[in-house]
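Visitor: I'm a first-year student and new to reading protein structures. Please take me through this one, a feature at a time.

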Amino acid sequence: MSESITQIKQNFVEGLSQVSRFWGFPKGMGAIFAVLYLSPAPLPLDEIVVQTGLTKGAVSTEVRALARLGLVHRSSKLADRKDYYEAETDFYKSIRAILKERQNTEFERAVASVKETLEKLEAGTSSREERAFLTERVRALQSFFDAIDSLARAVIKLEKLGFVNVEKILGVLK
């Protein structure tokens, strides 16, 4: 027996909720994006609440965060005071927006904190063994952040090639 469209959509929403959580975003963000992505027309907050089961406050908060990331767009209708939302369907544009978000001041503070910690460890006076262990761990994290920065810059530079050309390049690499 095949699944109903409603069940298939629900499974998709749950799947994107898990993907969202995996990437460090709230599950609700993934659910909201999934609902909007599968909608043929923009939806008001009330309908998003019904389809996700989240509270109106949570939906409002998460929609604003999704809009800031460029993953959701707000629109309105003439003679209607409600705001309507729709998902960004250009995934390349979405990835660029998320990678650009990494330049957010909170992320910059976290990166600066790791760098500062590493500098203090290297100049520290604690036991050599403990300092060596901590320095190794913090250097590994610093290396990871540097790699993410490099990846973000590379993806943003790919924008100049255009999505079709990037797809062709990636297709050749398969």
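## Reading the features

Guide: Let's start in helix α2, where Phe33 and Tyr37 sit 4 residues apart, which means they are separated by about one helical turn. Helices (H or I, at least four residues) and strands (E, at least two) are DSSP runs, numbered from the N terminus. Keep in mind that this is a predicted model: local features need pLDDT of at least 70, side-chain atom pairs count only at pLDDT 80 or more, and totals for chains, interfaces and linings use all residues. Residues are numbered from 1 along each chain as its sequence is written, and side-chain values use heavy atoms, with hydrogens and water left out.

Visitor: How many aromatic pairs does the structure hold?

Guide: A pair of aromatic rings is described by the distance of the centres and the angle of the planes. Rings of Phe, Tyr and Trp (its six-membered ring) pair if their centres lie within 6.5 Å; planes under 30 degrees apart count as stacked, over 60 as edge-to-face and the rest as tilted. The structure holds 2 such pairs. One of them is Phe33 with Tyr37, a stacked pair at 5.8 Å centre to centre with 20° between the planes. Add Phe12, and Phe12, Phe33 and Tyr37 make one aromatic cluster.

Visitor: Is Phe33 buried or exposed?

Guide: We go by relative accessible area: buried means under 20%, exposed over 50%, partly exposed in between (1.4 Å probe, protein chains only). Phe33 has 13%, so it is buried. Tyr37, at 31%, is partly exposed.

Visitor: Now for α1. How many residues has this helix, and how far does it reach?

Guide: The expected span of a helix is 1.5 Å times one less than its number of residues. Helix α1 (residues 5-22) has 18 residues and reaches 26 Å from its first C-alpha to its last, close to the 26 Å expected. Its buried residues are Val13, Ser17 and Ser20. They cover an arc of only 65° around the axis, so they lie on the same side of α1. (That arc is taken from the directions from the helix axis to the C-beta atoms.) Part of what covers these buried residues is α2 (27-37), where contact means heavy atoms within 4.5 Å. Just after α1, Gly24 takes a positive phi of about 90°.

Visitor: What order do the strands of the sheet have?

Guide: Strands of a sheet pair through backbone hydrogen bonds, either parallel or antiparallel. Here, two strands pair if DSSP finds at least two bridges between them. The open sheet has 3 strands in the order β1-β3-β2, with antiparallel pairing. β1 (43-44) and β2 (72-76) stand at the edges with a single partner strand each, so one side of each has no neighbour in the sheet.

Visitor: How many bridges join β2 to β3?

Guide: There are 5 bridges between β2 and β3 (residues 83-87). Some partners to look for: Ser75 stands opposite Tyr84, Arg74 is bridged to Tyr85, and His73 faces Glu86. On the β1 side, β1 and β3 pair over 2 bridges, and Pro44 has Tyr84 as its bridge partner in β3.

Visitor: Where does α2 lie?

Guide: α2 lies across β1, β2 and β3, running at about 90° to β3. Axes are lines fitted to C-alpha atoms, for helices over the stretch in contact, and angles run from 0 to 180 degrees between N-to-C directions. For a place to look, try Ala87 in strand β3. At 10% relative accessibility, Ala87 counts as buried, and it touches Phe33, Leu36, Tyr37, Leu71 and Val72, leaving aside residues up to four places away in sequence. Ala87 and Tyr37 are 50 residues apart along the chain, yet their C-alpha atoms are separated by 5.0 Å.

Visitor: Which residue in the hairpin turn has a positive phi?

Guide: Most residues other than glycine have a negative phi. β2 and β3 form a hairpin with 6 residues between them, and Ala79 in the turn has a phi of about 65°, a positive value in a residue other than glycine. Ala79 is exposed, at 86% relative accessibility.

Visitor: And what does Leu121 touch?

Guide: Leu121 lies in helix α6 (residues 105-123) and is buried at 13% relative accessibility. Not counting residues up to four places away in sequence, Leu121 touches Arg131, Leu134, Thr135 and Val138. Leu121 and Thr135 are 14 residues apart in sequence and 6.1 Å apart in space, C-alpha to C-alpha.
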